[in-house]
Every structure is written in C-alpha cells, then in structure tokens.
Amino acid sequence: MPSVSSIVPESCLLIVVGLLVGGLIKGVGEKPPILKSDIFFLFLLPPIILDAGYFLPLRPFTENLGTILIFAVVGTLWNAFFLGGLMYAVCQLGGPGLNHIGLLANLLFGSIISAVDPVAVLAVFEEIHINELLHILVFGESLLNDAVTVVLYHLFEEFASFEQVTILDIILGFLSFFVVSLGGVLVGVIYGLIAAFTSRFTSHIRVIEPLFVFLYSYMAYLSAELFHLSGIMALIAAGVVMRPYVEANISHKSHTTIKYFLKMWSSVSETLIFIFLGVSTVAGHHYWNWTFVISTLFFCLIARVLGVLVLTWFINKFRIVKLTPKDQFIIAYGGLRGAIAFSLGYLLDYEHFSMRDMFLTAIITVIFFTVFVQGMTIRPLVDLLAVKKKQETKRSINEEIHTQFLDHLLTGIEDICGHYGHHHWKDKLNRFNKKYVKKCLIAGERSKEPQLIAFYHKMEMKQAIELVESGGIGKIPSAVSTVSIQNINPQTLPLERVLPALSKDKEEEIRKILRTNLQKTRQRLRSYNRHTLVADPYEEAWNQMLLRRQKARQLEQKMNNYLTVPAHRVDSPTMSRARIGSDPLAYEPKEDSENLPIITIDPASPQSPESVDLMSEEPKGCSGLPPSPEEDEEGLVMRVKEPSSPGTDDVFTPGASDSPSNQRMLRCLSDPGPRPEPEEGEPFIPKGQ
C-alpha cells in the first residue's frame, strides 16, 4: 500500500500491528508477552548498532564529530537535569499522589527519557531521505549519547540505595563517564583489530569469513556490557576499525554476505522491537497520572528545543558551514524516543522505585507521541521548509578524486600555516596506517595499494577465455593480449552476441580501484628551513666538473677551427716583390720573432686532429729549459693523448699538463684577445708593431 507508507512511517505501522496482536491475545484470554530488557539488550539491539557502525559514513561523521559530541554529551546532560529538576518541582506541587517521588527518582527518570533513540531515528530518517549533514548529526547523537545514558542510569540507580550522597560520590560519578565511554571505545578497537588480524589467515576457508565479523563484534558488545561499559560505543568502534582491513582480506562473496546479512538482521530486529513495543503496551501494568504524563511530554519538547538553540548558537561560532534555522528545527524535531527508554524503564526495581508503573506509562506516552506525531509530520515539514534532500545519484570518480586532492592540498596549507587541524591529524593517521598497521593486518600484496594492472590482466584473461569459447581462436599464447590477438586474427562477433552489462557489485569494485589509484599525490618530502640548509658535498664538485668539461669542449672546438682553416695562397715572387716594394715597413721582421712557436704537422701521420692532445702543447723555450737541437728542427710538437685508465675521470684526475704554466699557455692559445677591425685604407697584411 504505497499511499499509506508514504504518509505513515513503517515504525508507526509496526507499533499498530503490535497493538492489534496484543489486543487479540488479551481478548482470547492469554497473557501477552512483554519485551524483556535482557532480550532487548542482548539480542535485538546489537544487530541494529552493528549495522549502523559497520556501514557508518566515516568522512561526514569525523568532520562533524565535535558537533555530534556536544549534542550527545552536553545536550543529553542538559535534557536529563533540566527535565529531572522540573519534574521534581511538579511532583512537589502536584498533590498527594506525587509528593513521595524524590529528586533522585526524578533525575533517573529524566536520564531515561532524555536520550534520543537510534532505532527510531534510523526508522524515520531513512524514509524521508534528509541530507547527509542533518542525518549524521541526529543519528550520531543518538549513537554516542548511550555512554551518558548508561552512566546517569547506573549512577542514579546506585545513589537511590545510598543513605547519603557525598561530594566524593559525585566526583567519582563524573569520572565514571570517561571510564564508560573511553572504555567502551577501547574494547571495540581491541576486538576490531583482532577480527582484522584473524581475517588475514582465512584465504583457504572463505565460508567462515563472515562469521568472524559477527562473532568478534558480539564479543565486543558483551565484554563492554559485562563491565558496565558502553556496549553501543564498543560495537561502533569495532565496526569502524575492522571494516577497511577485513574487506581487504575477505572475498567478494563474503563481503556481499556480510552486507546483506547485517541489513536483514537489523531489519528483523527493528521490526520485532516495534511490534513488541505495541504488544507490551497492551500487556503491561499502567498507572495514569495526567499531571505527571502531560508535564513529562511538555518539558521533553521544551528541553529539546532550548538545548538545540543554545548549543547551536555556541557551535556556529566555530563551524565553517553554519547550521541554519531550518537545520536547527529539523534537529530539534528529530529527537525521537524509542525502545531503549522503555527497556531501561522496565529494568527499574520495585523495591527502590515504587512509581515504576507510572514511569513506564509516561515513557510509552512520550515514545508514541514522538514516533507517531513527529515521525508522521517530519516529512511534510521537510518538504514545506524546502530542506535539502539527500543526493540520490552517486558521486562521480572525478568528484571523489578532486575531494582527495583537496584534502591533500588543505593538509599542506595547514602545515605551512602551522595550524594542526583535522586534515593534519588525518594525514598523520593515514601515514601511520599505511606504514605499520596495514602491513600487519592485510595479507600478502594487498597490504600495498590495490593493483589496477592486476585487475586489468584479470579482465583481459576473462575476455580472452570468452573469445576462445565463442570459437574465434583455437589457441592463445599466454603473453599476448586480446588486442594483439584481434589484430592477428580479426573475428567479427555475431550480431546476436551482446556483451553482458556490468553488475552493480563489479561496477562498485571498479570504481573503488579507480578512486584509490587515479589520485596519486606526490609524497611529501622532508621539511626544511632556509636557515638550516646543509650544503651538499657533491653539488660543488659536480658544478666544477660541468664547467671544466664545458671549457675543455670550447677549447677543443676553437683549436679544431684553428687547425682546419685553409691556409692563404702563397703569392708568386713577382707579387711578393711588388707588395714589399709598395710598403717595405709592413714586412719588417719583429725583434723577438725567433721565439715564436712554429706548428708543424706531418701530413702522413695517421693521427687525426681530433686524436691530438690539446692539453700537451709546449712551444720551444716555454718549459724553462734550453731548447734541444731536435726541438729546434721540429718546432711545436703536438703529442697524441694517452688513453685514461678505466674508472677515472678526465676532469677530476690531474695530469702532467695541469701545471700553472701549461694552464697559462692554454689560456693564451684559447683566448688570443680582441682584435681591432681593419679600417679602410690599411694594407692587406698589417704592419708589425
């Protein structure tokens, strides 16, 4: 009946079914069953919380964790004490039927009725498809306020048996909040790591992989409840911690089994809870007091609205994305109560709380009002106020990659500014996780990044097998890809053969691999400061080597040009006499012309100019010794360069020609200096100075 389900939430219909079933059983003369607290807390509640914790949207939850904690802790404390104090005042003014209810009993009642119920919130908010921010704020508050509820409940229950409550008892009660909450989280983290480590060794027995997830999660819940810690926070911590490592180790079929079994199990538990809530309403003992019930309902609404308005005013001072008045209205209106409050009220002892039946009647009234009235009207109010709905389409891989890139960029900006925000700590945690934790908890090569190439080869092999089965090719070489196969022997597929579409699970797997591999930001290098930079010992030597090689190359190029320039044509004796006769002063011999070097090259030598050592040129008389007769006859001798020994550098290894005098001679030969341009009217051969 879509018309009914679009107006009335499923939880309301289930309560109505429970009321009808309970009335039918009672009409027959039988005693209807009552939802006992141990059955609720041990068997019906854990599947719902595990499903919520295992598939918790981690990114919006962590980004809004501060806001959620303020609503869950401060808001629940405010509701409990505000409601308990006002109800104590009502009891004192309400007449003879309420005068015997003391302050501790009213505070206990306030702590029971003040907490937002996660089961009711899930049942209503998943149907109206509210945007992700509001959903995670209200649902996160309902999950994390369990620690406050457990502490206050046990605290006031113990105080009720005391003759006198001292200051020390109040301080210990305040400290027990941290023990209960942090202890529950610690228990969940320990069991989550054990579950992840166990899944590392299940590659040969895939059938029992889902069992370890359920087993360790339930053990975490029972261990926390055994020591009066927060079992809900233990379940959430266990699910959040184990999921990334377990999913990397288990098979795809095991992952599907866990997903659908958890959804089915939580749905069955939720259905039974609301049906039994209706049946217990008919079967339970009630004591109706108009003053107490109406005051409870009115003060519950007032406390919720005031708490949200004051806390949001404080929170918006620190939030970048502010909570608008529409958001505040939905948060205040979505504070639904449910079966947890009923079960806690059912646990009360008649000896210390003789007004238990009246408390249960008021609790059931508040539950019915919030689930029926607020649950049925929240959808039209969301449409009327035009509150942003949840995005139905999936985010594209492009958006996800850019989101990861912006996270990386913001982490760098925070490091540069010296501001240690949540991006900085998330980056530190991711690095620690990748460097240490993944290597211990994920088996084999899966401890590294997912291998896109391996997945491509897997798909390629599958395509090749399909090609063989279709009769295209008889044998396929193992190392040849399907693309090259089709090039070798192109086979036109029949028209009726259509490639099957990808399933949703396979598409999600491909999206996950692309999302984790396409965004590869450069790993951050070691941080440095310009005041503490250390000089690299190899940098200066490397620069010198490059400069010396460049100079040697330039010198070799100049000498090659010098040696390969064609000689001037020798004039005939008649022309020479004519030139000397025209200008005899231009051809006067220089005074020190005897000391000029004369380059002689044997044309018959097999050595080419490139094989001549340019570094070993020594003119006559430049070495400081008297020239020998052989050198007088030979002039300037150019010796062949000896081959260097292997493993040595011709730049760094000093040779015999690296003396200062030789280097000066090299500079003289390589850089003869600037020469003035010949002016008009000058003789062809310049006059000697």
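Accessible areas come from the Shrake-Rupley method with a 1.4 Å probe. The structure treated in these exercises is a predicted model.

**Exercise 1. Describe the protein chain as a whole: what area does it expose, and how many helices and strands does it have?**

Solution.
Step 1. Start with the surface. The protein chain exposes about 42200 Å², and 64% of that area is supplied by carbon and sulfur atoms.
Step 2. Turn to the secondary structure. The chain has 25 helices and zero strands.
Step 3. Look at burial. Of the 689 residues, 38% are buried.
Step 4. Consider the contacts between residues at least 6 apart in sequence. Residues at least 24 apart account for 82% of these contacts.

**Exercise 2. Find the largest nonpolar core and state which helix gives the largest share of it.**

Solution.
Step 1. The largest nonpolar core holds 122 residues. Those with the most contacts inside it are Phe40, Leu45, Ile101, Ile112, Phe292, Ile331 and Phe359.
Step 2. Helix α8, residues 132-160, contributes the largest share, 16 residues.
Step 3. Take Phe40 as an example. Leaving aside residues up to four places away in sequence, Phe40 touches Leu35, Leu45, Pro46, Ile273, Ala339, Ile340 and Ser343.
Step 4. A second, separate core has five residues, among them Ala196, Tyr245, Val437 and Ile442.
Step 5. The general background is that nonpolar side chains tend to be buried together in soluble globular proteins.

**Exercise 3. Compare the span of helix α18 with that of a straight helix, and locate its bend.**

Solution.
Step 1. Helix α18 covers residues 422-441. At 1.5 Å a residue, a straight helix of 20 residues would span 28 Å.
Step 2. Between its end C-alpha atoms, α18 spans only 25 Å.
Step 3. The bend in α18 is at Asn433 and comes to about 45°.
Step 4. Asn433 is one of the buried residues of α18, together with His423, His424, Asp427, Val437 and Leu441.
Step 5. The cover over these buried residues includes α9 (167-198), α11 (231-249) and α17 (397-417).

**Exercise 4. For the salt bridges Glu141–Arg304, Arg206–Glu209 and Arg431–Asp427, give the distance and decide whether each partner is buried or partly exposed.**

Solution.
Step 1. The cut-off is needed here: buried means under 20% relative accessible area, exposed means over 50%, and partly exposed lies in between.
Step 2. In the pair of Glu141 and Arg304, the closest N and O atoms are 2.8 Å apart. Glu141 has a relative accessible area of 2% and is buried; Arg304, at 5%, is buried too. Glu141 lies in helix α8 and Arg304 in helix α13 (residues 290-315), so this pair ties together parts 163 residues apart in sequence.
Step 3. Arg206 and Glu209 meet at 2.6 Å, N to O. Arg206 is partly exposed at 29%, whereas Glu209 is buried at 2%.
Step 4. For Arg431 and Asp427, the closest N and O atoms are 3.1 Å apart. Arg431 is partly exposed at 31%, and Asp427 is buried at 15%. The two residues are four apart in helix α18, which means that about one helical turn separates them.

**Exercise 5. State how many salt bridges are counted, and name the residues linked in a network.**

Solution.
Step 1. The count comes to 10 salt bridges.
Step 2. Arg59, Glu63, Asp407 and Lys426 are linked in a network of salt bridges.

Methods
Residues are numbered from 1 along each chain as its sequence is written. This is a predicted model: local features need pLDDT of at least 70, side-chain atom pairs count only at pLDDT 80 or more; totals for chains, interfaces and linings use all residues. Side-chain values use heavy atoms; hydrogens and water are left out. Buried means under 20% relative accessible area, exposed over 50%, partly exposed in between (1.4 Å probe, protein chains only). Contact means heavy atoms within 4.5 Å. A nonpolar core is a set of buried Ala, Val, Leu, Ile, Met, Phe, Trp, Tyr and Cys residues joined through side-chain atoms within 4.5 Å. The expected span of a helix is 1.5 Å times one less than its number of residues. The bend at a residue is the angle between axes fitted to the seven residues ending there and the seven starting there. A salt bridge is a side-chain nitrogen of Lys or Arg within 4 Å of a carboxyl oxygen of Asp or Glu.
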